Amino acid sequence: MIISMKLHATRAEIDAVFERIRDFGYKVHSIEGEERVVIGVVGVGDVTPCLESLEAMPQVEKAVRISAPYKFVSREFRPGKSVIRANGTDIGGDELVMMAGPCSVESEKQILETAHSVARSGAKFLRGGAFKPRTSPYDFQGLEEEGLKLLRKAKQETGLGIITEVMSDRDVPLVAEYADILQIGARNMQNFALLKTLGKAGKPVMLKRGLSSTIKELLMSAEYVVAHGNPHVILCERGIRTFETATRNTCDIAAIAVLNELSHLPVILDPSHATGKRSLVPPLCRAGVAIGADGLIVECHPSPEKAMSDGVQSLSLQQFANMMNELQPYIALWKAARVSEAVVA
Ligand code: PEP
Ligand code: MN
């Protein structure tokens with residue numbers, strides 16, 4: 001943190017600021033110019049209380065945080081990228097990771113047909129909600145444990161890893177028995193009891209950005225999981241709520257580049273929820289690859305028109321296969337960029 005004193009602050013005023021900083025247990029490094037004094041504050045731990053206290057002192061012009069409030073997930077903490085391994089696949093490494101499947105697990109036939117098809121198309125993870133966060137209490141809420149069992153069967157038949165949502169801290173042990181990656185939905189990004197429990201879940205977590213959450217809030221939520229003992233966190237941009245109504249959410253594509261600058265954690269793009277519209281999924285996938293996402297999570301369904309949730313944004317299995325083919329040249333460029341980044345680093 002850097003403190004800039006008001007012009008011509010008196011010695012007594014400067015000393016009072018020094019004293020306040022030391023009261024918080026930090027060290028003071030000051031640069032005393034002719035007109036203005038600038039103070040560097042050095043120490044460990046969350047500086048927020050100290051920063052707020054100093055900002056409230058009338059002789060202080062400005063207090064600027066230098067270290068991010070999220071420590072463990074920041075690039076300052078780990079300059080290189082984190083690679084998270086799940087079901088034998090590295091996320092954040094030198095392969096773009098595709099995750100695909102229906103919004104909800106609906107039946108054995110639906111999930112097995114989807115799993116075989118997306119595996120053939122090159123997906124490494126099967127997605128599918130067994131516990132569904134629905135806006136309406138009258139909508140399909142998911143098959144719960146029965147859905148998890150169907151996902152396990154799909155994994156046994158195809159070798160795909162499983163990513164599925166867990167909605168409450170109570171369900172973490174159950175879902176962790178079946179999932180390779182625990183998905184935390186947008187609506188739960190700030191469910192702090194859940195985030196704390198995930199610290200001990202023993203499985204990687206994919207944290208989706210909240211409906212109206214800032215990037216900083218997303219990183220603070222990731223920090224919760226890491227600070228409670230689980231460093232295996234993957235971030236997911238899935239669109240945010242804005243004034244724009246042409247798409248279901250506004251895909252904040254820049255968030256991927258921002259997150260890559262601020263954090264070492266892998267970043268996945270969900271173009272399905274980010275747009276809410278099938279035709280927009282392939283162009284957004286291309287954008288995600290181009291901007292350096294570590295992977296994509298795409299909704300697809302054997303018969304999107306019959307889907308029990310999110311059919312409008314789901315690709316058919318054939319459309320997913322076609323999109324995967326069309327993405328190949330982009331993925332080749334992505335790989336070349338990863339290799340050169342690694343060489344530069
Ligand atoms: C989902 O992945 O089906 C889902 C509910 O996503 P989100 O939490 O991003 O809305
Ligand atoms: Mn969905």
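A search of the whole structure, a predicted model, finds one cavity of 30 Å³ or more. The volume of the largest cavity is about 30 Å³. Its lining is made up of Cys103, Arg127, Gly128, Gly129, Lys132, Ile163, Thr164, Glu165 and Gln183. Which element gives the most to this lining? Strand 9, residues 161-165, does, with three residues.

Next comes the second largest pocket. It holds about 260 Å³ of space. Its lining counts 20 residues. Pro133, Arg187, Arg248, His273 and Asp310 are the closest to its centre.

The table sets out both linings by residue class.

| Site | Nonpolar | Polar | Charged |
|---|---|---|---|
| Largest cavity lining | two residues | four residues | three residues |
| Second largest pocket lining | three residues | six residues | 11 residues |

In the cavity lining, then, four residues are polar and three are charged. In the pocket lining, 11 are charged and six are polar.

Now for a single residue, Glu177. Where is Glu177 found? It belongs to helix 5, which spans residues 172-178. Is Glu177 buried or exposed? Glu177 counts as exposed because its relative accessibility is 52%, and exposed means over 50%.

Glu177 can also be placed against Ser340. Along the chain, the two are 163 residues apart. How many ångströms separate their C-alpha atoms? The separation is 38 Å.

Notes
Residues numbered from 1 in each chain as written. Chains lettered and ligands numbered in written order. Predicted model: local features only at pLDDT ≥ 70, side-chain atom pairs only at ≥ 80, totals over all residues. Heavy atoms only, no water. 1 Å grid on protein atoms, 1.4 Å probe; cavity = no way out; pocket = protein on both sides within 12 Å on 5 of 7 lines; lining within 4 Å. Points joined across faces, edges and corners; volume = space filled by probe spheres on them. Nonpolar A, V, L, I, M, F, W, Y, C, P; charged D, E, K, R; others polar. Helix = DSSP H or I, 4+ residues; strand = E, 2+ residues; numbered from the N terminus. Buried < 20%, exposed > 50% of the residue type's maximum accessible area, 1.4 Å probe, protein only.
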